[in-house]
Structures are given as C-alpha cells and as structure tokens.
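Biologist: I'd like to walk through this one together, starting with the ligand and then hopping along the chain. Ready for some questions?

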Amino acid sequence: MALTREISPAIQQCQLTRLQRTPIDLERARAQHAAYEWALVGAGCTVRRLDTTDPLPDSVFVEDIAVVLDEVAIITRPGVQARRSETSAIAQWLANVRPLRDIESPGTLDGGDVLVVGRDIFVGESDRTNAAGAAQLRRLVSPYGYTVEGVPVTGCLHLKSAVTAVSEDTLLINPAWVSADRFGDYTLIEVDPDEPYAANAVAVGGKVIYPAAFPRTRSRLETHHLAVEAIDVDELAKAEGALTCCSLIFNM
Ligand code: CIR
C-alpha cells in the first residue's frame with residue numbers, strides 16, 4: 001500500500017530551509033507526482049491518494065507526518081509549526097489500518113528523519129527532529145522489537161536526504177551529510193560526489209524508483225545489480241521534496 005496526497009495549489013508557499021525559492025509549475029509538478037504514483041503501481045503498490053483541503057503548502061510530503069510499521073503507526077509532531085495541521089487527515093486515514101500513537105510536545109519528529117531497515121530504525125538528529133521526539137519514538141516502538149539509534153545529520157534537511165535503503169541490506173549514502181560509520185552492518189553505496197542530493201531512493205517491489213537527475217549515482221546502483229526506474233521529479237525538488245517524502249509505504 002502507498003498512501004499519497006495531492007499537491008496543494010499553495011505549494012509555492014512551501015517551507016524551504018536550504019534552497020532558494022524558485023517558481024514551481026503546478027501542472028508540471030502534478031504530472032511528475034502522477035508519474036511517481038504510476039511507478040509505485042508498477043512496483044506492485046496499491047496507491048491511495050488523499051486530497052488536500054485547507055491551504056497546506058507541504059501536504060504532498062506525507063512521509064513526514066507518520067511512521068507506519070507493521071504493528072503500529074506513529075503520528076509525528078513536525079518540526080515546523082506550519083506543518084502540524086497536516087497530521088489530522090493522515091491520522092484519520094491510518095486509524096483504519098493501524099493502532100495510532102502520537103509524538104507529543106516538546107518532542108518534534110519528521111518522518112523524513114526516520115529510516116526503517118528491518119528492525120533497525122535510525123533517527124536523524126536534524127533541525128526538524130529533537131532528542132525528545134527520538135526518545136518518544138524509541139519508547140513507542142521498542143516493545144515491538146525495534147532498536148532506535150540517533151544519528152547526527154549536517155548539511156541537509158532530513159536523515160533520508162543523506163541515506164536511504166535500496167535493498168534489505170544495502171544503503172545509498174552521502175557520507176558528507178551523515179557518518180558512514182553509523183551503518184557498519186550494511187553494504188554502502190556512496191553517491192557520486194557531484195550529486196550530493198542523490199541519496200534518496202524508494203526501494204519497493206524489487207525495484208528502485210529514482211530521480212532521473214542523478215545519472216552518475218544511478219550507474220553505481222546498476223553496477224550493484226539493482227533494477228532502477230528513473231523518473232523526473234525536478235519540479236517537486238524545488239519544494240525541497242525528495243522521492244521518499246511523497247508516500248507512506250506499508251503492508252496491508
Ligand atoms: C519542508 O521543508 O518541510 C518541505 N518543503 C519539504 C519536505 C521534504 N520531506 C522529506 O524530505 N521527507
């Protein structure tokens with residue numbers, strides 16, 4: 001199952017931390033988002049797209065709003081106040097499929113900082129996720145056998161800007177933004193140094209959905225015999241959104 005959310009007409013007012021604001025072509029962004037959803041369908045996902053009602057500029061980036069495990073869904077408390085009203089619609093939908101738990105004040109946690117690989121959960125210590133948020137996550141999921149490890153992140157928005165899983169034992173990483181030493185149990189593929197934003201990939205259904213903008217790193221993935229499907233997402237990237245941000249993927 002992949003949960004997505006339509007792009008808000010207000011996306012031009014999205015949060016930006018490390019990028020300069022440039023005009024976003026809404027129709028082009030919507031076409032790229034639809035192609036992303038079709039890639040998920042092609043990987044075997046059932047895609048359910050929620051609509052966006054209030055002016056929630058960043059609502060397409062559903063990943064930040066929840067952490068969905070097989071046993072439970074954690075509704076986050078996003079690090080920026082402006083994104084906190086995105087949670088209600090996502091929580092309402094997820095309540096149909098999982099017991100829900102909440103990150104509570106003073107904790108903050110963005111789902112983009114939560115990398116789940118099997119029973120290992122890495123949490124980025126970033127501008128958006130604080131120690132209280134990470135500690136709450138640990139308390140909520142450790143009863144189910146998950147280990148939660150904090151990982152410092154510098155130079156990028158979220159942990160998953162710096163590292164994502166491309167298979168169950170292989171991570172794609174930009175070691176300039178997160179220390180490779182923290183992931184010693186995994187095979188690591190480093191991004192090409194000319195493509196610092198290239199560490200965010202969606203691995204699902206035996207393939208890797210991947211931005212067309214990073215051909216050098218894509219070659220590295222293919223050298224590791226990974227089946228890569230490249231799609232254009234440059235319009236969403238102007239809102240500082242990467243591929244994983246645009247869906248919540250989980251088992252039904
Ligand atoms: C934000 O700054 O919150 C959005 N403009 C982008 C969020 C991207 N989410 C993600 O990487 N998980």
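**Around the ligand**

Modeller: Sure, and keep in mind that this is a predicted model. Of the 14 residues around the ligand, the ones that come nearest are Q15, D58, E63, D64 and A239.

Biologist: How do the residues of the shell around the ligand divide into nonpolar, polar and charged?

Modeller: Let's sort the shell by residue type. Four of its residues are nonpolar and four are polar. That leaves the charged group, which has six.

Biologist: Which atom of Q15 is 2.8 Å from a nitrogen atom of the ligand, a backbone or a side-chain one?

Modeller: Q15 is among the residues that come nearest to the ligand. For a polar contact, the two N or O atoms have to be within 3.5 Å. The ligand's nitrogen atom passes that test at 2.8 Å, and its partner in Q15 is a polar atom of the backbone.

Biologist: And what about R83: how far is its polar side-chain atom from an oxygen atom of the ligand?

Modeller: First, place the residue: R83 sits in the loop between β4 (73–75) and α2 (87–94). From there, a polar atom of the R83 side chain reaches an oxygen atom of the ligand at a distance of 2.8 Å.

Biologist: Which other residue has a polar side-chain atom 2.8 Å from an oxygen atom of the ligand?

Modeller: Here too we look for a side chain and a ligand oxygen atom. The distance is 2.8 Å, and the residue is R128.

Biologist: How much of the ligand's accessible area does the protein cover?

Modeller: Start with the ligand on its own, which has 350 Å² of accessible area. The space it takes is the largest cavity. Of that accessible area, the protein covers 98%.

**Buried or exposed**

Biologist: Back to R83 for a second: is it buried or exposed?

Modeller: The cut-off for buried is under 20% relative accessible area. R83 has 4%, so it counts as buried.

Biologist: How far apart in space are R83 and R30?

Modeller: Along the sequence, R83 and R30 are 53 residues apart. Going from C-alpha to C-alpha, the distance between R83 and R30 is 20 Å.

Biologist: H225 and E240 both caught my eye. Why does H225 count as exposed?

Modeller: H225 belongs to the loop between α5 (215–223) and β14 (228–231). H225 isn't a glycine, yet its phi is positive, at about 65°. Exposed means over 50%. H225 counts as exposed because its relative accessibility is 76%.

Biologist: And E240, is it buried or exposed?

Modeller: E240 is in the loop between α6 (234–237) and β15. Its phi is positive too, about 70°, although E240 is not a glycine. With a relative accessible area of 16%, E240 is buried.

**Along the chain**

Biologist: Which residues does a cis peptide bond join?

Modeller: Omega is the angle to check, and for this bond it is about 5°. One partner lies in the loop between β5 (100–102) and β6 (114–117), and that is P106. The cis bond joins S105 and P106.

Biologist: Which residue's side chain shares a polar contact with that of T170?

Modeller: T170 is part of strand β10 (residues 170–173). At 10% relative accessibility, T170 counts as buried. Its side chain makes a polar contact of 3.0 Å with the side chain of D169.

Biologist: How far apart are the C-alpha atoms of F250 and C45?

Modeller: F250 is in the segment after β15 (248–249), and it is buried, with a relative accessible area of 5%. F250 and C45 are 205 residues apart along the chain, but their C-alpha atoms are separated by 9.1 Å.

Biologist: One last pair: how far apart in space are F183 and V163?

Modeller: You'll find F183 in the loop between β10 and β11 (187–190). F183 counts as buried, at 1% relative accessibility. In sequence, F183 and V163 are 20 residues apart, and C-alpha to C-alpha the distance is 9.8 Å.

Note on methods
Residues are numbered from 1 along each chain as its sequence is written. This is a predicted model: local features need pLDDT of at least 70, side-chain atom pairs count only at pLDDT 80 or more; totals for chains, interfaces and linings use all residues. Side-chain values use heavy atoms; hydrogens and water are left out. A residue is near a molecule or strand if one of its heavy atoms lies within 4 Å of it. A polar contact is a pair of N or O atoms within 3.5 Å; within protein, one must be able to donate a hydrogen and the other to accept it, and residues adjacent in sequence count only if both atoms are side-chain atoms. Accessible areas come from the Shrake-Rupley method with a 1.4 Å probe; for residues, only the protein chains shown count as cover. On a 1 Å grid over the protein atoms alone, a cavity is a set of points where a 1.4 Å probe fits but cannot get out, and a pocket is an open set with protein on both sides within 12 Å along at least five of seven lines; lining residues have an atom within 4 Å of a point. A molecule sits in a cavity or pocket if more than half of its atoms lie within 2 Å of its grid points. Ala, Val, Leu, Ile, Met, Phe, Trp, Tyr, Cys and Pro count as nonpolar, Asp, Glu, Lys and Arg as charged, and the others, Gly among them, as polar. Helices (H or I, at least four residues) and strands (E, at least two) are DSSP runs, numbered from the N terminus. Buried means under 20% relative accessible area, exposed over 50%, partly exposed in between (1.4 Å probe, protein chains only).
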